[in-house]
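Trainee: I should like to take a close look at one part of this model and then see how its surroundings are put together. Please begin with a single residue and work outward from there.

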Amino acid sequence: MDLKALHRQRRAAFWGQVLPYLGYVMQSGLAVLFMAFLITFAAWYTSLILHLPPDLPIRWIMLLLAAPAAWSSFRTYLNDADIVFLRPQEYRLHVYFRGARISGVVYKIIGMLLLFMLLWPLYIRSDEAPRPLLPFLLLLVLLKLLFSYGGWQELRMASRSTAGVYRLLRWVLAVLTIGAWLWQPPLRSLPFILLVAALYYAVLRLPAKHKVPWEHLIRVEQAQAGRVMRTLAWFVDVPAWTQRVTRRRWLAWLGSRIPWSRDAAYRYLLVKTFARTEPAGIVTRLLILGLLLIWILSGGWAGSAVYLLFVFLIGVQLAALRRSHRDSLWLQLYPIPESARGNAFLHFYMQIMLPAAVVLWLPLLAGGAGRWSAVWLSLAAGLLLILLQRRMQAKKWASDPDEE
């Protein structure tokens with residue numbers, strides 16, 4: 001069996017399922033919106049470079065945008081049947097996984113370098129002592145290779161809690177190494193970075209690992225494939241995909257105050273679905289990233305634009321829950337009023353969106369008293385955006401016969 005060709009065939013088969021939907025995605029207006037965003041961003045970025053704010057925290061911006069060098073993910077395209085039919089080839093599966101590891105690194109390095117080159121004009125004009133271009137690029141590529149290797153070792157670890165600790169360590173070390181390069185002289189930061197890299201490589205060899213963690217790799221692959229299909233589901237109907245369920249104790253309290261009645265049963269189901277599936281994690285990360293970016297850009301209209309962008313993104317994530325149980329047989333068997341489903345979703349939607357909009361708005365207050373009118377106008381625009389998104393969701397519930 002040619003395992004290298006098998007990986008290529010599975011990759012082509014998966015993306016062959018995805019590509020036909022991209023035409024519908026473009027027809028939804030996304031292409032026009034994306035082009036408008038590019039034109040607006042280009043005009044704003046050119047103006048920013050020509051009129052640099054004197055207090056622009058460029059090193060913090062570079063750290064924020066370079067730290068994702070620690071991000072690591074791999075597409076193995078494994079499925080449940082492989083546990084039986086591919087397991088006899090386990091001793092030589094490194095050939096199969098080689099393609100996953102290469103593609104999991106190369107595309108991320110290309111994206112990271114494109115982002116870096118986009119930021120470079122701003123960096124060299126803002127920083128008092130900018131680092132040279134080629135050493136900076138080389139450092140990012142080497143860190144990306146190191147942390148990708150670490151991410152692959154985490155997938156093989158026998159203990160999931162240990163893998164979680166190493167995942168946190170990977171991000172902490174990315175912040176420390178890039179921060180040392182940005183803030184310290186090269187002759188001082190390079191020995192520190194080399195020492196950290198050597199220690200990280202050494203500690204990766206300590207935990208017990210599986211040769212091929214079949215069940216975990218299959219779960220990760222299903223989650224990544226499901227994420228792609230759920231993104232397409234924002235624009236077009238796609239086949240249902242396996243939803244990853246995660247126990248989150250810090251969100252277990254959600255739903256505890258919902259009354260025990262037929263009218264509130266679907267709202268309870270939505271709350272628990274949100275707490276235990278990927279939208280909760282994505283919304284949390286969007287909130288954290290949005291708070292940081294809005295705080296950095298709070299002194300100008302860019303902060304308000306980023307605020308509205310993150311309100312919109314969180315709303316899109318919550319909208320994906322509308323289809324979470326559309327094919328569930330139990331909703332047809334349980335005595336839940338059909339008309340209550342749309343109302344329950346809209347109630348849940350507003351319960352999440354309104355606090356999120358207010359929390360994201362708070363960093364704008366750091367812009368100072370001279371921007372009070374812009375700050376309050378941003379909040380009003382955010383609330384108006386939420387109402388428009390709610391109205392759009394209400395129309396979808398009313399027009400989609402599968403949801404009623």
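Where is the place of Tyr77?

Mentor: The model is a predicted one, and what follows should be read accordingly. Tyr77 is found in the loop that lies between helix 2 and helix 3, the latter spanning residues 82-85. Its backbone deserves attention, since Tyr77 has a positive phi of about 60° although it is not a glycine. Most residues other than glycine have a negative phi. The relative accessibility of Tyr77 is 10%, and Tyr77 therefore counts as buried, the cut-off being under 20%.

The setting of this loop is a chain with 14 helices and zero strands. From the N terminus on, every element in the order of the chain is therefore α. Of the 404 residues in the chain, 43% are buried. Where contacts join residues at least 6 apart in sequence, 81% of them join residues at least 24 apart.

Helix 2, which precedes the loop of Tyr77, packs on helix 4. The axes of helix 2 and helix 4 come within 10 Å and cross at roughly 165°, so the two helices are roughly antiparallel to each other. Their crossing is left-handed. Helix 2 contributes Ile58, Met62 and Leu65 to the contact, and helix 4 contributes Leu115, Phe116, Leu119, Leu122, Tyr123 and Ser126. By class, these residues divide into eight nonpolar, one polar and no charged.

Just before helix 2, the loop between helix 1 and helix 2 holds Leu52. With a relative accessible area of 26%, Leu52 is partly exposed. Leaving aside neighbours within four places in sequence, Leu52 is in contact with Leu122, Arg125 and Ser126. Leu122 and Ser126 also belong to the contact of helix 4 with helix 2. The C-alpha atoms of Leu52 and Ser126 are 7.2 Å apart, although 74 residues separate the two in sequence.

Helix 4 in turn packs on helix 5, at an angle of about 150° and with the axes 10 Å apart. That makes helix 4 roughly antiparallel to helix 5, and helix 4 passes helix 5 in a right-handed crossing. Among the residues of helix 4 that meet helix 5 are Phe97, Val105, Met112, Phe116, Trp120 and Tyr123. On the side of helix 5, the partners include Leu133, Phe136, Leu140, Lys144, Tyr149 and Trp152. The residues of this contact divide into 17 nonpolar, one polar and three charged. Phe116 and Tyr123 thus appear here as well as in the contact of helix 4 with helix 2.

These packings can be followed into the interior. In soluble globular proteins, nonpolar side chains tend to be buried together. The largest nonpolar core has 38 residues, and those with the most contacts inside it are Met62 and Phe136. Helix 1 (3-50), helix 2 (58-66), helix 4 (94-126), helix 5, helix 6 (160-183) and helix 7 each supply at least two residues of this core. Met62 is one of the helix 2 residues in the contact with helix 4, while Phe136 is one of the helix 5 residues that meet helix 4. Phe136 touches Met62, Phe116, Trp120, Tyr123, Arg131, Trp181 and Leu182, not counting residues up to four places away in sequence. Apart from this core lies another, of 32 residues, among them Val271, Ala356, Ala357 and Val375.

One further packing extends the picture from helix 5 (residues 133-156) to helix 7 (residues 186-203), where the axes come within 11 Å and cross at roughly 15°. Helix 5 and helix 7 are therefore roughly parallel to each other, and their crossing is left-handed. Leu139, Leu146, Phe147, Tyr149, Gly150 and Glu154 of helix 5 make the contact with Ile193, Ala197, Tyr200 and Tyr201 of helix 7. Eight of these residues are nonpolar, one is polar and one is charged. Ala197, in helix 7, counts as partly exposed at 23% relative accessibility. Ala197 and Leu146 are 51 residues apart along the chain, and their C-alpha atoms are separated by 7.6 Å.

Notes. Residues numbered from 1 in each chain as written. Predicted model: local features only at pLDDT ≥ 70, side-chain atom pairs only at ≥ 80, totals over all residues. Heavy atoms only, no water. Axes fitted to C-alpha atoms, helices over the stretch in contact; angles between N-to-C directions. Helix = DSSP H or I, 4+ residues; strand = E, 2+ residues; numbered from the N terminus. Parallel < 35°, antiparallel > 145°, perpendicular 65-115°, else oblique. Left-handed = near helix turned anticlockwise from the far one by under 90°. Contact = heavy atoms within 4.5 Å. Nonpolar A, V, L, I, M, F, W, Y, C, P; charged D, E, K, R; others polar. Core = buried A, V, L, I, M, F, W, Y, C linked by side-chain atoms within 4.5 Å. Buried < 20%, exposed > 50% of the residue type's maximum accessible area, 1.4 Å probe, protein only.
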